[in-house]
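Here is a short report for a reader meeting this structure for the first time. It goes from the whole assembly down to single residues.

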Protein chains: 2
Amino acid sequence: MIECIPNFSEGRREDVIAAIGAAVAEVPGATLLDTSADADHNRSVITFAGPAEAVAEAAFQAVRRAAELIDMTQHSGQHPRVGATDVLPFVPLRGATLEQCVAIARAVGQRIGDELGIPVYLYEAAATRPERAALPNLRRGEYEGLREAIGSDPARAPDFGPARMGTAGATIVGARQPLIAYNIYLNTADVEVAKRIAKAVRGSSGGLRGVRALGMLVEGRAQVSMNLIDFRTTPIHRVVEMVAREAAAYGALVAESELVGLIPEDALLDAARFYLRLHGMADDQILERRLRDRS
Amino acid sequence: MIECIPNFSEGRREDVIAAIGAAVAEVPGATLLDTSADADHNRSVITFAGPAEAVAEAAFQAVRRAAELIDMTQHSGQHPRVGATDVLPFVPLRGATLEQCVAIARAVGQRIGDELGIPVYLYEAAATRPERAALPNLRRGEYEGLREAIGSDPARAPDFGPARMGTAGATIVGARQPLIAYNIYLNTADVEVAKRIAKAVRGSSGGLRGVRALGMLVEGRAQVSMNLIDFRTTPIHRVVEMVAREAAAYGALVAESELVGLIPEDALLDAARFYLRLHGMADDQILERRLRDRS
């Protein structure tokens with residue numbers, strides 16, 4: 001099973017967002033999981049999943065539909081963007097690997113370039129050079145700036161497709177691990193505590209490698225807002241324990257936490273295994289998994 | 001989905017156990033999950049699951065096959081028993097209720113009585129009177145004693161089938177919640193500590209209602225051996241936290257734990273939700289569940 005979470009540069013016209021979702025749902029085997037739109041960002045995120053071939057086909061059809069319906073010369077919004085389908089990441093679910101997702105990203109990227117004439121940049125695990133791994137480098141100058149640079153600056157030549165941009169702009173295609181958006185609320189209104197904890201736990205400032213974190217105030221409560229970018233190497237239980245430990249140093253406690261969007265089941269099962277000390281538990285001791293595997 | 005975990009009075013003749021398993025597997029929709037045999041007890045346990053109709057049919061076919069192949073007049077073993085199919089419990093899995101399992105137990109019990117001429121006693125949630133809820137009451141005197149009493153003692157009249165026993169004996173049919181066999185090892189060889197903790201946590205001596213517990217020494221380590229009989233009302237995380245708290249009073253720690261057999265996925269997800277403080281998490285935020293529900 002593969003998951004795909006494309007971001008589109010349309011967050012206001014509901015009929016356009018629905019039409020892109022329909023392009024996904026029309027592909028047999030592809031299952032639409034979620035659609036969310038942000039009017040300020042003028043951007044929407046569609047989540048779908050299924051077997052590799054179905055997801056690859058649905059991704060291509062969604063990009064095609066978005067290119068027909070979104071004109072980047074008319075687009076504005078707060079979020080940086082370069083194309084109608086701005087980012088197209090493929091994510092391995094249970095039974096799939098990151099390498100498979102890299103292969104899918106490259107195949108779909110090539111098809112978008114060849115058949116739709118849209119310039120494609122490969123990013124994260126699918127990147128063709130280190131400086132293209134991170135999104136901000138690829139989005140530099142956004143749609144308007146890239147349109148000027150793409151034909152003249154060799155460093156900005158696309159991986160697939162023509163070195164010129166039409167109204168659909170460019171699409172950034174890649175592969176990454178599932179991302180978990182996990183926020184922890186503290187029993188304090190002191191946002192400074194949340195900021196210090198965020199600094200302690202995030203990888204960029206010396207904390208846990210797989211964690212991005214910010215401290216903020218949400219509805220009067222201090223919140224450590226995090227993205228866990230690789231739960232298999234930096235598991236969620238290690239994160240919540242570290243936050244709780246740091247909070248205690250300021251006399252604060254974890255009040256509750258929340259997920260924004262979806263979480264892979266394995267991330268929760270790993271946490272249960274850790275806290276219940278089930279160090280030797282086999283996956284096929286979980287009744288429903290055995291039932292699924294044998295029926 | 002319904003689970004069924006019948007116990008058969010044969011733990012030595014592998015061909016007989018395999019033939020009973022085959023009777024289950026031959027029913028479309030019924031999935032065989034596990035078979036385990038104990039030669040000392042001369043007893044085996046077969047676990048299968050599926051939609052209600054398939055499980056009811058497979059249970060009946062297993063009882064019929066066991067009645068053909070097992071002669072209780074020739075049976076001996078350490079475990080108390082009254083019939084070839086000794087106990088036949090139906091258990092609700094996700095999406096099913098205990099009430100549905102009671103209805104299935106009564107329907108299958110009636111069929112066993114009517115079509116196979118085997119006396120049937122209903123137990124646990126399916127029991128027709130309070131004193132029949134617990135297995136030991138129903139097994140009093142075992143096969144040999146019940147064969148004498150069944151025709152003469154009105155208190156021992158079966159719920160279905162004739163008030164006389166043939167070579168297949170009697171079968172005890174019922175409905176219960178999933179049972180989790182969960183053992184916790186302490187970092188001590190002092191079995192007295194395990195015994196005191198077991199006494200503190202088990203319901204019968206004042207502890208948690210849904211817990212049966214014994215303290216024992218296993219390979220040089222003190223073990224609290226438990227059955228959790230209703231994980232939805234007495235969740236596994238409350239049990240391990242209480243064991244850890246009691247152990248600390250003796251200067252001991254939980255070293256690891258183990259499951260004997262299978263565990264429902266929900267029991268692990270409830271633990272993750274508790275420890276990660278995801279108090280508001282919806283089930284459909286779990287990616288694989290949403291995928292299953294929508295595809």
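## How the two copies meet

The copies meet through the same surface, because 100% of the interface residues of chain A are also interface residues in chain B. This is a predicted model. Chain A and chain B each put 36 residues into the contact. On chain A, the side that touches chain B draws at least two residues from each of five elements: strand E3 (31-38), helix H7 (236-248), strand E11 (254-260), helix H8 (265-275) and helix H9 (287-294). H8(A) gives the most, with 6 residues. Sorted by class, this side of chain A holds 21 nonpolar, 7 polar and 8 charged residues.

The two chains are also related by symmetry. A turn of 180 degrees, with a shift of 0.0 Å along the axis, lays chain A on chain B with an RMSD of 0.0 Å. That is the relation of a two-fold axis. Which residue of chain A has its C-alpha nearest the axis? It is Ala272(A), with its C-alpha 2.4 Å from the axis.

## Two domains in chain A

The domain assignment splits chain A into domain 1 (2-175) and domain 2 (180-287). Taken over C-alpha atoms, the centres of these two domains of chain A are 29 Å apart.

How many residues bring the two domains of chain A into contact? Domain 1 supplies 5 residues, and domain 2 supplies 4 residues. The domain 1 side of this contact in chain A divides into 2 nonpolar, 1 polar and 2 charged residues.

## A covered strand in chain A

Now look at strand E5 (residues 85-92) of chain A. Is this strand mostly covered or exposed? E5(A) is mostly covered, and 8 of its 8 residues are buried.

E5(A) has several pairing partners. Strands of a sheet pair through backbone hydrogen bonds, either parallel or antiparallel. Strand E1 (residues 2-4) of chain A runs antiparallel to E5(A) and is joined to it by 3 bridges. Here Ile2(A) stands opposite Pro92(A). Strand E2 (residues 7-8) of chain A also pairs with E5(A) in the antiparallel sense, over 2 bridges. In that pairing, Phe8(A) has Thr85(A) as its bridge partner. Strand E7 (residues 171-175) of chain A pairs with E5(A) in the parallel sense, over 4 bridges. Phe90(A) of chain A faces Ala175(A) in E7(A).

## An open sheet in chain B

Chain B contains an open sheet of 4 strands, in the order E9-E10-E8-E11, with antiparallel pairing. E9 and strand E11 (254-260) of chain B are the edge strands, each pairing on one side only. On average, neighbouring strands of this sheet are turned by 20 degrees against each other, direction ignored.

Strand E8 (residues 180-186) of chain B pairs with E11(B) in the antiparallel sense, over 6 bridges. Within E11(B), Ser257(B) is the residue opposite Ile184(B). A helix accompanies the sheet. Helix H6 (residues 191-201) of chain B lies across E8, E9 and E10 of chain B. H6 of chain B runs at about 180 degrees to E9(B).

## Three residues to find

Start with Asn42(A), in the loop between E3 and strand E4 (43-50) of chain A. Asn42(A) is not a glycine, yet it has a positive phi of about 50 degrees. Asn42(A) has 19 other C-beta atoms within 10 Å, so it counts as partly exposed.

Glu219(B) lies in the loop between strand E9 (211-218) and strand E10 (221-228) of chain B. Glu219(B), although not a glycine, has a positive phi of about 50 degrees. Why does Glu219(B) count as exposed? Because Glu219(B) has 7 C-beta neighbours inside 10 Å.

Last comes Ser36(B), in strand E3 (residues 31-38) of chain B. Ser36(B) is partly exposed, because 13 other C-beta atoms lie within 10 Å. Leaving aside neighbours within four places in sequence, Ser36(B) is in contact with Ser44(B) and Val45(B). Ser36(B) and Gly261(B) are 225 residues apart in sequence, but their C-alpha atoms are 9.7 Å apart in space.

Note on methods
Residues numbered from 1 in each chain as written. Chains lettered and ligands numbered in written order. Predicted model: local features only at pLDDT ≥ 70, side-chain atom pairs only at ≥ 80, totals over all residues. Contact = placed C-beta atoms within 7 Å. Nonpolar A, V, L, I, M, F, W, Y, C, P; charged D, E, K, R; others polar. Domains from an automatic or database assignment. Buried ≥ 20, exposed ≤ 12 C-beta atoms within 10 Å, placed from the backbone. Pairing = 2+ DSSP bridges. Axes fitted to C-alpha atoms, helices over the stretch in contact; angles between N-to-C directions. Least-squares fit on C-alpha atoms with pLDDT ≥ 70 in both.
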